[in-house]
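This report concerns enclosed space and cysteine residues in a protein model. Please examine the sequence and the structure before reading on.

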Amino acid sequence: MLSTFYASPFAPLVGGVMIGLAASLLWLVSGRVAGISGITGGLVDPRCTDRPWRLSFVLGLLGGGFVMSLLLPAAFGTTVVSMGIAVAAGALVGVGTTLANGCTSGHGVCGTATLSKRSIAATATFIGTGILSVYVFRHLMEVGA
Amino acid sequence: MNRFVVPFVSGFLFAAGLAVAGMTDPSRIVAFLDVTGEWDPSLMLVMVGAVSVYALTRAFTRKLSRPLAADCFVGPKAKAVDGRLLLGAAIFGVGWGLAGYCPGPALAAAGASSGQAIAFSSAMVAAFALTRMMDGRAEQRRAPGTSEERR
């Protein structure tokens, strides 16, 4: 049943609403912004003084991924690059989101919803360079798995 | 109790939403960014759904003096668009387009034991640690402070 719904055009919108509810819950109850790079980065920051709630959130994220891989394996399917490139991309995302103080969740969803100038500028920039990256690596250089 | 259960539930629901939306599949992200190929608008619909719900919550909670199970609301302190923000976002976008993962989907897919997502996430978390360590050192040379603001 879930996999039938996954194939429907409503799935992205419903998934988006679930993400919005998850972020709403964390703000309403814990008073925290659901920015994944910031929450996770705090865990490995020597200056961090509030690791327990961050760890709970990250464990929830990993656990949710695990449960969904059993219910909806199709959502985790395709790999698009080689292992080496995945590692390089992960390093770029780690450095970039730390410098920018946020990623798709913190800037793209939460910051955009509060009309933060920084978040709107960051979102426009990473979508822009994301498009450029796909164009250069997939179309010009034909990098892929 | 709520201080730890609620973040777990939020993270869990966040991952479930990402999976239902198809955002844990890197080929869907690449297809969204591939405007000269077969464009997939899914990510835009995900943003519309998530931003609408969260914007309503933020409007509603403006009247609250504090969250239900914490002492204060904690948000970002920085207000200005600066070079560091734009450079970081630009670097992030390059990595995002390259592998089709951003931090949330990468960690959710790592939980789903995708080998590629585990490799990506490990490198990402190592880069978090390294960049923050360097930030901490630079901060000690200037005035120490925090990047978060409480109200």
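Is B:C72 buried or exposed? In this predicted model, B:C72 is buried, with a relative accessible area of 14%. The residue A:C48 is likewise described as buried, and its relative accessible area is 13%. The table sets out the values for these two cysteines.

| Cysteine | Relative accessible area | State |
|---|---|---|
| A:C48 | 13% | buried |
| B:C72 | 14% | buried |

**Disulfides**

A disulfide is a covalent bond between the sulfur atoms of two cysteines. A search of the whole structure, over all chains, finds 0 disulfides. A:C48 takes part in none, and the cysteine sulfur nearest to its own, that of B:C72, is 14 Å away. Why does the sulfur of B:C72 form no bond with the closest cysteine sulfur? The closest cysteine sulfur, in A:C48, is 14 Å from that of B:C72 and therefore too far for a bond, because a disulfide requires two cysteine sulfur atoms within 2.5 Å.

**The cavity**

The search of the whole structure also finds 1 cavity of 30 Å³ or more. The largest cavity holds about 160 Å³ of space. Its lining comprises 15 residues, and those nearest its centre are A:I19, A:T104, A:V109, B:L18 and B:V46.

Which helices each supply at least two residues of this lining? In chain A, α6 (104-113) does so; in chain B, α1 (2-20), α3 (42-61) and α5 (103-111) do so. By residue class, the lining of the largest cavity contains 12 nonpolar and 3 polar residues, with no charged residues.

Methods
Residues numbered from 1 in each chain as written. Chains lettered and ligands numbered in written order. Predicted model: local features only at pLDDT ≥ 70, side-chain atom pairs only at ≥ 80, totals over all residues. Heavy atoms only, no water. 1 Å grid on protein atoms, 1.4 Å probe; cavity = no way out; pocket = protein on both sides within 12 Å on 5 of 7 lines; lining within 4 Å. Points joined across faces, edges and corners; volume = space filled by probe spheres on them. Helix = DSSP H or I, 4+ residues; strand = E, 2+ residues; numbered from the N terminus. Nonpolar A, V, L, I, M, F, W, Y, C, P; charged D, E, K, R; others polar. Buried < 20%, exposed > 50% of the residue type's maximum accessible area, 1.4 Å probe, protein only.
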